[in-house]
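Trainee: I would like a close look at a single part of this protein. Please pick one strand, work outward from there, and keep the sentences short.

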Amino acid sequence: MWAHGHSIQPEDPGLTVGRVGWAGQIKHPNSQGWYHISIPTAVIITDIRMRVDAALILFATGTQGVIQNVHVYDGRTKIASNDNVAVSGVNQLSRFPVRDPAGNRPLVGFGIGLSMFVKLGADPQQAWVEISAAGVDLM
């Protein structure tokens, strides 16, 4: 299941997200903060409860933009923390496995949300992140 980058929202109301046809744009030089995107979630399909295999983000950054951390939530429960991943680059698709403490794919209980901690440098020409889409692989 995927969501377009247009739906990304900042946690800090002082930060904004611009929107263009292909992405939600984060452009606040010298800033850092959490950004969230909700993923439409099928919990049960043909009487089988889904499991989350991985979170995925399709994105691009300037040379001073980085996605530092990616967390995955099922309702209010954090089911994955991918910290210090520091992903960046142009036309990137990054995949983050989701496993419970026992190493299993967690069952979906409610709805999935992805949270990304974004850091931007000082140069307004290079301090940006564009999120084109985000999603989860369900099994």
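Mentor: What follows is a walk around strand E9 and the places linked to it or set apart from it.

The model is predicted, so read every value as computed from it. Start with the whole chain. The protein chain has zero helices and 13 strands. Read along the sequence, the pattern is β after β, from beginning to end. The C-alpha trace spans about 50 × 30 × 25 Å along its principal axes. The radius of gyration is 15 Å, which agrees with the value near 14 Å that a compact globule of 139 residues would have. Of those 139 residues, 47% count as buried. The accessible surface comes to about 7,000 Å², and carbon and sulfur atoms account for 53% of that surface. Charge is quickly described: there are 10 positive and 10 negative charges, and their mean positions are 3 Å apart. Contacts reach far along the sequence. Among those between residues at least 6 apart, 73% join residues at least 24 apart.

Now strand E9. The strand covers residues 65-74, and His71 lies in it. Is His71 buried or exposed? His71 is buried, because its relative accessible area is 7%, under the 20% cut-off. The side chain of His71 has a polar partner: a contact of 3.5 Å joins it to the side chain of Lys78. Lys78 also appears among the residues that His71 touches beyond four places in sequence. That list runs on through Ala80, Ser81, Asn82 and Asp83. It also takes in Trp34, and then Gly113, Leu114 and Ser115.

Asn69 sits in E9 as well. Asn69 counts as buried, because its relative accessibility is 12%. Its contacts beyond four places in sequence include Trp34, Asn82, Asp83 and Ser115. Each of these four is also touched by His71. Asn69 further touches Asn84, Val85, Met116 and Phe117.

Which residue offers its backbone nitrogen to a polar atom of the Asn69 side chain, 2.8 Å away? The residue is Asn84. Follow that link out of the strand. Asn84 is in the loop between strand E10 (77-82) and strand E11 (92-97). Asn84 counts as exposed, because its relative accessibility is 61%. So the 2.8 Å link ties a buried side chain to a residue that is exposed, with the backbone nitrogen of Asn84 at one end.

The backbone of Asn84 deserves a second look. Its phi is positive, about 55°, although Asn84 is not a glycine. Most residues other than glycine have a negative phi. Ala86 gives another case: its phi is near 45°, again positive in a residue other than glycine. Ala86 is in the loop between E10 and E11 too. Ala86 counts as partly exposed, because its relative accessibility is 40%.

Move on to E11, where Phe96 is found. Phe96 is buried, because its relative accessible area is 5%. Beyond its neighbours within four places in sequence, Phe96 is in contact with Val70, Asn82 and Val85, among others. Asn82 and Val85 are also touched by Asn69. The other contacts of Phe96 are Ala54, Ala55, Ile57 and Val87. For a sense of separation, take Pro124: it is 28 residues from Phe96 along the chain, and the C-alpha atoms are separated by 29 Å.

Ala127 shows another pairing across the sequence. Gln64 is 63 residues from Ala127 along the chain, yet their C-alpha atoms are separated by 4.5 Å. Ala127 is in the loop between E12 and strand E13 (129-138). Ala127 is buried, because its relative accessible area is 1%. Gln64 is listed among its contacts, together with Ile26, Lys27, His28, Pro29, Leu120 and Gly121.

Finish with Asn104, in the loop between E11 and strand E12 (112-120). Asn104 counts as partly exposed, because its relative accessibility is 41%. Beyond four places in sequence, Asn104 touches Val98 and Arg99. Asp53 is 51 residues away in sequence, and 8.9 Å away in space, C-alpha to C-alpha.

To retrace the path: buried His71 and buried Asn69 come from E9, and the Asn69 side chain leads to the backbone nitrogen of Asn84.

Note on methods:
Residues are numbered from 1 along each chain as its sequence is written. This is a predicted model: local features need pLDDT of at least 70, side-chain atom pairs count only at pLDDT 80 or more; totals for chains, interfaces and linings use all residues. Side-chain values use heavy atoms; hydrogens and water are left out. Helices (H or I, at least four residues) and strands (E, at least two) are DSSP runs, numbered from the N terminus. The radius of gyration is taken over C-alpha atoms; the globule rule is 2.2 Å times the number of residues to the power 0.38. Buried means under 20% relative accessible area, exposed over 50%, partly exposed in between (1.4 Å probe, protein chains only). Contact means heavy atoms within 4.5 Å. Accessible areas come from the Shrake-Rupley method with a 1.4 Å probe; for residues, only the protein chains shown count as cover. Lys and Arg count as positive and Asp and Glu as negative; His and the chain ends are not counted. The place of a charge is taken as NZ of Lys, CZ of Arg, CG of Asp or CD of Glu. A polar contact is a pair of N or O atoms within 3.5 Å; within protein, one must be able to donate a hydrogen and the other to accept it, and residues adjacent in sequence count only if both atoms are side-chain atoms.
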